[in-house]
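Visitor: Please take a close look at the packing of this model, and then set it in the context of the whole chain.

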Amino acid sequence: MLSIDQQADIEVLQKEGKTVSVLFDEQSCEVLGLVALRDELREDAQAGVAQLKAMGVRSVMLTGDNRLTAQALASHLNIEWQAELLPEDKLRLLNEMKDNSKIAMIGDGINDAPALATADVGIAMGGGTDVAIETADIALLKSRVTDVAHLIALSRATMANIHQNVIFALD
């Protein structure tokens, strides 16, 4: 049984966006301690999201993490978010978004694979699982969010060049 102090500690840790596991002795049912874990943002996440926003790209975080963790991370990035999602939930939300927009899904885990396959463009971050990398249309070699903005800028420049060439070819 958790003490009032332990419950308060858990609440504080969860408000910081951490997932808390309680370690206890099965025989005595005594709590031995708390372990708090949290995914951290990539070093360049804020810069990458800011670059995408400046390019007119809307960013939405879809995560399997708990709500408090997602809220804490998304608040640093000033982006929309959905949390506690299973792979099929991500897929459903992605399909809803596809009704109104072109979607680039960025992921690095096995739970991202179905959404990576369904998106208009699936982008796997380097260092991700083999399943994510094999499923995605594009695999970034490094785990930098700013590389996504560079990828979009390069794609836009390439398409502009193609359009110009088509116009000149038709003249």
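Guide: What follows starts with the nonpolar cores and works outwards.

The model is predicted, so local features are reported at pLDDT of at least 70 and side-chain atom pairs at pLDDT 80 or more, whereas totals for chains, interfaces and linings use all residues. Residues are numbered from 1 along each chain as its sequence is written, and side-chain values use heavy atoms, with hydrogens and water left out.

A nonpolar core here is a set of buried Ala, Val, Leu, Ile, Met, Phe, Trp, Tyr and Cys residues joined through side-chain atoms within 4.5 Å. Buried means under 20% relative accessible area, exposed over 50%, and partly exposed in between, with a 1.4 Å probe and protein chains only. The largest such core has 11 residues: Leu62, Leu85, Leu93, Leu94, Met97, Ile103, Met105, Ala115, Leu116, Ala119 and Ala132. At least two of them come from each of helix H4 (87–98) and helix H5 (113–118), and H4 contributes the most, with three residues. Helices (H or I, at least four residues) and strands (E, at least two) are DSSP runs, numbered from the N terminus.

Ala132, one of the core residues, touches Asp108, Gly109, Leu116 and Ala124, leaving aside residues up to four places away in sequence; contact means heavy atoms within 4.5 Å. A second, separate core holds 10 residues, among them Ala45, Val49, Ala70 and Ile79.

Next comes a helix pair. The axes of H2 (residues 45–54) and H7 (residues 146–170) approach within 7 Å and cross at roughly 25°; axes are lines fitted to C-alpha atoms, for helices over the stretch in contact, and angles run from 0 to 180 degrees between N-to-C directions. H2 and H7 are therefore roughly parallel, the label for angles under 35 degrees (over 145 is roughly antiparallel, 65 to 115 roughly perpendicular, the rest oblique). On the H2 side the contact involves Ala47, Gly48, Gln51 and Leu52, which meet Thr146, Val148, Ala149 and Ile152 of H7.

Strand S7 (residues 138–139) contains Ile138, which is partly exposed at a relative accessible area of 25%. Beyond residues up to four places away in sequence, Ile138 touches Val121, Gly122, Ile123, Ala124 and Leu151. Its C-alpha lies 7.6 Å from that of Val121, 17 residues apart along the chain.

Two loop residues have unusual backbone angles. Most residues other than glycine have a negative phi. Asn78, in the loop between H3 (67–77) and S4 (80–82), has a positive phi of about 55° and is exposed, with a relative accessible area of 62%. Glu84, in the loop between S4 and H4, also has a positive phi, near 55°, but is partly exposed at 47% relative accessibility.

For the whole chain, there are seven helices and seven strands, and 32% of the 171 residues are buried. The C-alpha trace spans about 85 × 30 × 30 Å along its principal axes.
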